[in-house]
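Welcome! Take a moment to look over the sequence and the model, and then let us walk through its cysteines and its aromatic rings together.

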Amino acid sequence: MENEHVPVLLDETLEALSIKPDGVYIDGTFGRGGHSAKILEQLGPDGCLIGIDRDATAVACAQQRFGNDPRFQMFHTGFEALAEVAGEAGKMGEVDGILLDLGVSSPQLDEDERGFSFMRDGPLDMRMDQRESMTAADWLATASQEEIRDVLRRYGEERFAGRIATAIVTQRVEQPIVTTMQLAQLVEAAVPRKEKGKHPATRTFQALRIKLNRELEQVESALQQSLEVLKPGGRLVVISFHSLEDRLVKRFMRYQSTADHLPKGLPVSSEGMRAQMRLVGKPVAPGDDEIDRNPRARSSRLRVAERLAT
């Protein structure tokens, strides 16, 4: 299991976290443990790493790889429970670094039965947490044409959302859409113009995955919680893979690093107007060598912010 996933921007992530041997770190998106393994290598005997993932396969991988390491704890939940996990681990406000590697891991894309990939035929599932009941097929079977169109526009930035939504609703009357290939072929037929170098179903699959798993809402929640979880000087390191995620991260970090974001004249103390974070460096993108080794890294962006004392 551990060899199936190539962690993105690995060296850059470790540098951004600025790991201390006795520090406390949270890998909020454990996946298959690529980043976690390297963090543990840099921790001393008094260090602590907390792993979080809502994917049961990731949790099993964590127990297999690091279950016997006393420095490591694993939690089967989503990173939207960041503060709850930190509290349960007894580390609230004591964390030196949080890593969020957003999006779908390579093993999830490569497993037909998970239903994330339009390149592989499998059940149209897309649940990151398989304890949830609703699959992508379930949602497509019950959502209105307007709902489908709006989700494709909002989360996929799909210019042909109306055409695709019409095709889905028309098709499901004749036959339920229950496999990834069914949906991919339907979208391909509905889209009149293709984007160069991109499968016509890319945006549709992205939109459905984000909607079904409430990804953007969970990112917003975790970003806000990081303020109470990190200690002063602690780092928040986020890797995003598409513009919607990256926009949320960029706006949050910029807002929290600005001291004067409240209108002048409000009855707010100077403490309430202090910046909560400072930006660390510029956004980092993968180099050509990494993209050659791992094409899925192409769209990744890494942003870093440091918690300030208040």
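## A buried pair of rings

Phe118 and Phe205 are both buried. This is a predicted model, and in it the ring centres of Phe118 and Phe205 lie 5.5 Å apart with their planes at 80°, so the pair is edge-to-face. The two residues come from distant parts of the chain, 87 residues apart: Phe118 sits in the loop between helix H5 (106–110) and helix H6 (136–142), while Phe205 belongs to helix H10 (residues 202–213).

## More aromatic contacts

How many aromatic pairs does the structure hold? There are 4. One of them joins Phe30 and Phe72, whose ring centres are 5.9 Å apart; their planes meet at 50°, so this pair is tilted. Phe30 is in the loop between strand S1 (24–27) and helix H2 (34–42), and Phe72 is in strand S3 (residues 72–76), so the pair ties together parts that are 42 residues apart in sequence.

Phe30 and Phe72 are both buried. Ring pairs also bring in Phe66, linking Phe30, Phe66 and Phe72 into a cluster.

## Cysteines without a bond

A disulfide is a covalent bond between the sulfur atoms of two cysteines. This structure holds 0 disulfides. Why does Cys48 have no bond to Cys61? The sulfur of Cys61 is the closest cysteine sulfur to that of Cys48, but at 19 Å it is too far for a bond.

Are these cysteines buried or exposed? Cys48 counts as buried, with 9% relative accessibility, and Cys61 counts as buried too, at 0%.

Technical notes
Residues numbered from 1 in each chain as written. Predicted model: local features only at pLDDT ≥ 70, side-chain atom pairs only at ≥ 80, totals over all residues. Heavy atoms only, no water. Disulfide = S-S within 2.5 Å. Buried < 20%, exposed > 50% of the residue type's maximum accessible area, 1.4 Å probe, protein only. Phe/Tyr/Trp six-rings, centres within 6.5 Å; stacked < 30°, edge-to-face > 60°. Helix = DSSP H or I, 4+ residues; strand = E, 2+ residues; numbered from the N terminus.
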